[in-house]
Amino acid sequence: MRSLIRGYGRGLTALFFAAAAVWGLMLIILPQLTMLERAVTPPARQLDSSIARQVARDARTCMSLLETYRPAEAPAEDSASSSGGLAIPSISTPSASGGSSGGLAVPSMSPPSSGGMAVPSMGGAPPADDSRPYILQCDRADTHARLVRGEGEEIAHLDTLYGIPALAVDPDLPLDDQIAAAEEIQVTASALYDRLVVEEANAFPYTLDNFETLAAPRLIPMSDAARAEEDKLLSNRLLSAVGLRYEVDGVVYERIGLVTLTRTIVFALMATALALVLCYPIAYKVALASPPRQAVWLFLGLIIPYTIVELMRVYAWTTIIDNQGLVNALLSWAGVISDPIQFNRFPATIFLVIVYTYVLFMVFPIFNVMSTLDRNQIEAAKDLGASAVRVHRRVIIPHSKPGIAVGCIATFMLSAGAFSVPRIISRGLQAEWFSQTIYNKFFESENSNIGAAYSFGYTLLCFLLVAVFMWAMRTRLKDFARVQ
């Protein structure tokens, strides 16, 4: 702090810290607090008041639809408008003398008893037995509606919990009685809704149910033969070993949210490890094992592909791994395969594309730290008889540890949050990544509260893994200053 004040003065130093505070507040703290508030707020449609309001709305809609089936008044003999139906233009008939009226000869429209042709009535009157078709809203207009409760909680219904009468629209009753029942349900449910809104406003508004949804088990319907085949898979055995998949009374349950989360974390760690294995030799070659002119060309070879937009580079990979893509075309031309290989179904394909997409985030931090190493230390270690492996293990890697840590953290966080790569490359042929699950909660199923809980919990988990990694690497925050 004192060095900053001496170098820039109190005014610029205060301005710098104020800008940093605003930056952190607007882009980090407030968004996360907003996400946390939404995560601990129950979805509005799961509140008891929302159930009561929906019953009232269904009853109101039921009444409106039932009104259309009321018998219409008897139409006047000479007035089409009084019947409430559709007016039919008069069609004159020719006179007995051969068309003095100028009309068109048509069959008689008298009733069938007179020998003419019968015309269906357009007055909209229902059948004589007051029957009506099935109406969904009338079926849902029931005060015995089930309330939303968490796993293991006692089942509750609207009428029994709040002491209102059990009312429903019986389709076997006369039409007027059905309308009266729907009207009574609408009045009762509306009054209950007004009461529940007040009670819920005075109650504690936050809950952890959205986070518990992540670990909630889901029933996996399958036949005995399919279950036997699924149990043979190594992945399912591992899930059973850690409690993410279990069987009760012959029925299979799986904690799908945690399974997706675990799979994504494991895949992100594997992609990070693969990137480190591939990028460490590249960084070493450019920083310490190449003359300056050759290092410039190597850098250009790394940077030029990244002048193209990331999304375009991901889509370019689809032309390479597609069933009719470059790889399958070459293998088919060489006679290696007869049927195309479906690379979209292989998780390794996503690992490869992720590494390609984020390779610079691993290479540059390692290179920046390696380039600060005095090559005389390497020569001294070799003169003392150290092998190449020992030189890397005792000299280069300890010096490059901050760069390795920054590269691994950046690659892991980008891989864990990857959305476009797994979505475009797999095209729905593989299990979704957790980022796709969060997207679906927000925009596909409109469960934004649950999506916020997933997002906030995922962020905390990733931060925890990064902290554990830094502890294992014996790396501190001030060591990152060596990474330019």
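This is a short walk through one protein chain, from its overall make-up to a few single residues.

Keep in mind that the model is predicted. Let's start with the whole chain. It has 484 residues, and 33% of them count as buried. The secondary structure comes to 18 helices and 3 strands. The exposed surface is about 29400 Å², and carbon and sulfur atoms supply 62% of that area. Now the contacts. Take those with a separation of 6 or more: 69% of them join residues 24 or more positions apart.

Next, the cores. Which residues touch the most other members of the largest nonpolar core? They are Ile366, Met370 and Ile396, in a set of 27 residues. Five helices each supply at least two residues of this core: H9 (256-287), H10 (292-303), H13 (347-370), H14 (375-383) and H15 (388-416). H13 gives the most, with 8 residues. Apart from this core lies another one, of 26 residues. Its members include Ala156, Tyr162, Ile185 and Ala189.

Back to methionine 370 for a moment. Set aside residues up to four places away in sequence. Methionine 370 then touches Tyr280, Ala283, Tyr284, Ala287, Leu288, Ile396 and Ser400. Ile396 is on that contact list, and Ile396 is also one of the three best-connected core members just named.

Now a helix pair. In general, two packed helices are described by the angle between their axes and the distance between the axes. For H14 and H15, the angle is about 145° and the axes are 10 Å apart. The crossing is right-handed. Which residues meet there? From H14, we have Gln377, Ile378, Ala381 and Lys382. From H15, the partners are Val391, Val395 and Ile396. So Ile396 comes up again, because it sits in this H14–H15 contact set and in the largest nonpolar core, where members are buried nonpolar residues joined through side-chain atoms within 4.5 Å.

On to the C-terminal part. Helix H17 covers residues 434-444. Its buried residues are Phe434, Ser435, Gln436, Thr437 and Ile438. What covers them? The cover includes H9, H15, H16 (420-426) and H18. Just after H17 comes glutamate 446, with a positive phi of about 55°.

Then H18, residues 448-472. That is 25 residues. From first C-alpha to last, the helix reaches 36 Å, close to the 36 Å expected at 1.5 Å a residue. Which of its residues are buried? The run from Asn449 reads Asn449, Ile450, Gly451, Ala452, Ala453, Tyr454, Ser455 and Phe456. Further along come Tyr458, Cys462, Val466 and Met470.

After H18 we reach arginine 474. Its phi is near 55°, a positive value in a residue other than glycine. Most residues other than glycine have a negative phi. Is arginine 474 buried or exposed? It counts as exposed, because its relative accessibility is 56%.

Aspartate 249 is a similar case to look at. It is not a glycine, and its phi is positive, about 55°. Where does it lie? Aspartate 249 is in the loop between strand E2 (245-248) and strand E3 (251-254). Its relative accessibility is 77%, so it counts as exposed.

Staying with the strands, look at isoleucine 220. It is in strand E1, residues 218-220. Which residues does it contact, beyond neighbours within four places in sequence? Those are Val252, Glu254 and Ile256. Glutamate 254 is 34 residues away along the chain, yet the two C-alpha atoms are separated by 6.8 Å.

Two more residues to finish. Asparagine 236 lies in helix H8, residues 234-241. Why does it count as buried? Because its relative accessible area is 7%, and the cut-off for buried is under 20%. Leaving out residues up to four places away, asparagine 236 touches Glu230 and Arg245.

The last one is proline 133. It is in the loop between helix H2 (48-67) and helix H3 (136-140). At 43% relative accessibility, proline 133 counts as partly exposed. Its C-alpha is separated by 9.8 Å from that of tyrosine 69, which is 64 residues away along the chain.

Conventions. Residues are numbered from 1 along each chain as its sequence is written. This is a predicted model: local features need pLDDT of at least 70, side-chain atom pairs count only at pLDDT 80 or more; totals for chains, interfaces and linings use all residues. Side-chain values use heavy atoms; hydrogens and water are left out. Helices (H or I, at least four residues) and strands (E, at least two) are DSSP runs, numbered from the N terminus. The expected span of a helix is 1.5 Å times one less than its number of residues. Buried means under 20% relative accessible area, exposed over 50%, partly exposed in between (1.4 Å probe, protein chains only). Contact means heavy atoms within 4.5 Å. Accessible areas come from the Shrake-Rupley method with a 1.4 Å probe; for residues, only the protein chains shown count as cover. Axes are lines fitted to C-alpha atoms, for helices over the stretch in contact, and angles run from 0 to 180 degrees between N-to-C directions. A crossing is left-handed if the near helix is turned anticlockwise from the far one by less than a right angle, and right-handed if clockwise.
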